[in-house]
Amino acid sequence: MRPEDQGGDHLTVVVRHAGAGRDGTFEVFCHPAGGSHPDAADACRVLDERTRWGRDLFAPEAPGGTCTMLYGGPATARVTGSWAGRAVDAVYDRSDGCAIGRWDRMVPLLPTVGLGDSVT
């Protein structure tokens with residue numbers, strides 16, 4: 001079945017350099033929840049809870065913000081698809097404190113990655 005035939009919201013999550021068991025390409029379908037994501041139901045629930053009318057849940061951090069210079073590791077992720085009737089094409093990394101916070105707000109859609117995790 002093609003994603004556009006599934007109905008509901010559909011996201012493709014591509015995770016790289018997050019470590020064994022976390023890297024890969026995952027499909028998430030919501031309303032109803034399903035797909036190849038390891039916890040699609042919880043990812044959909046958290047996304048639903050954080051969705052606000054008129055705000056882009058996947059928007060990058062606003063430019064000019066003050067961020068700690070804390071490096072969170074080499075993990076990257078790209079989320080594409082559609083959510084709440086809007087196209088999604090968002091890129092995530094853990095390059096500083098703001099980027100780490102943005103990533104962590106997307107857990108469990110994105111995997112949990114700690115500062116001390118070793119990447120294999």
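Let us start with one residue: Val 46 is found in helix 2. This is a predicted model, so everything described here is read from predicted coordinates. Is Val 46 buried or exposed? Val 46 has a relative accessible area of 9%, and because buried means under 20%, Val 46 counts as buried. Its contacts reach to a remote stretch of the sequence: leaving aside residues up to four places away, Val 46 touches Val 107 and Pro 108. You can also compare Val 46 with Arg 105, which is 59 residues apart from it in sequence, while their C-alpha atoms are 9.2 Å apart in space.

Now step back and look at the whole chain. The protein has 3 helices and 4 strands, and along the sequence they follow the pattern α-β-β-α-β-β-α. Of the 120 residues in the protein, 38% are buried. If you take the contacts between residues at least 6 apart in sequence, 53% of them join residues at least 24 apart.

Next, follow the strands. Strand 1 pairs with strand 2 in the antiparallel sense, over 7 bridges. Strand 1 is also joined to strand 3 by 7 bridges, and these two strands run antiparallel. Strand 3 in turn is joined to strand 4 by 8 bridges, again in an antiparallel arrangement. A good residue to find on your screen is Thr 12. It stands opposite Glu 27 in strand 2, and it also stands opposite Thr 80 in strand 3. From Thr 80 you can carry on to Asp 89 in strand 4, which Thr 80 stands opposite. Another pair to look for is Val 13 and its bridge partner in strand 3, Val 79.

Why can strand 1 be called largely enclosed by the rest of the structure? The reason is that 6 of its 8 residues are buried. Strands 3 and 4, meanwhile, form a hairpin with 2 residues between the strands, and in this hairpin Ala 84 takes a positive phi near 50 degrees.

With the strands in view, turn to the inside of the protein. In soluble globular proteins, nonpolar side chains tend to be buried together. Here, the largest nonpolar core has 25 residues, and those with the most contacts inside it are Leu 11, Phe 58, Val 79, Tyr 92 and Leu 109. Several elements supply at least two residues each: strand 1 (9-16), strand 2 (24-30), helix 2 (40-50), strand 3 (76-83) and strand 4 (86-93). Helix 2, where we began with Val 46, gives the most to this core, with 4 residues.

Phe 58 is a helpful guide to this region. Not counting residues up to four places away in sequence, Phe 58 touches a list of residues that includes Leu 11, Leu 47, Val 79, Tyr 92, Arg 102, Met 106 and Leu 109. Two residues from that list, Tyr 92 and Arg 102, have an arrangement of their own: the charged end of Arg 102 sits over the ring of Tyr 92, 3.9 Å from its centre. As for pairs between aromatic rings, the count comes to 0.

Finally, look for the cysteine links. A disulfide is a covalent bond between the sulfur atoms of two cysteines. The structure holds 2 disulfides, and with bonded cysteines counted along the chain, they follow the pattern 1-2, 3-4.

One disulfide joins Cys 30 to Cys 44, with an S to S distance of 1.9 Å. What does this link tie together? Cys 30 lies in strand 2 and Cys 44 in helix 2, so the pair connects parts that are 14 residues apart in sequence. Both Cys 30 and Cys 44 are buried. The link is left-handed, with -85 degrees about the S-S bond.

The other disulfide joins Cys 67 to Cys 98, with an S to S distance of 1.9 Å. This pair links distant parts of the chain, 31 residues apart: Cys 67 is in the loop between helix 2 and strand 3, and Cys 98 is in helix 3 (residues 97-104). This link is left-handed as well, with -100 degrees about the S-S bond. Its two ends fall into separate classes of exposure: Cys 67 counts as partly exposed because its relative accessibility is 25%, whereas Cys 98, at 18%, counts as buried.

Terms used. Residues are numbered from 1 along each chain as its sequence is written. This is a predicted model: local features need pLDDT of at least 70, side-chain atom pairs count only at pLDDT 80 or more; totals for chains, interfaces and linings use all residues. Side-chain values use heavy atoms; hydrogens and water are left out. A nonpolar core is a set of buried Ala, Val, Leu, Ile, Met, Phe, Trp, Tyr and Cys residues joined through side-chain atoms within 4.5 Å. Buried means under 20% relative accessible area, exposed over 50%, partly exposed in between (1.4 Å probe, protein chains only). Contact means heavy atoms within 4.5 Å. Rings of Phe, Tyr and Trp (its six-membered ring) pair if their centres lie within 6.5 Å; planes under 30 degrees apart count as stacked, over 60 as edge-to-face and the rest as tilted. A charge sits over a ring if NZ of Lys or CZ of Arg is within 6 Å of the ring centre and within 35 degrees of the ring normal. Two strands pair if DSSP finds at least two bridges between them. A disulfide is a pair of cysteine sulfur atoms within 2.5 Å.
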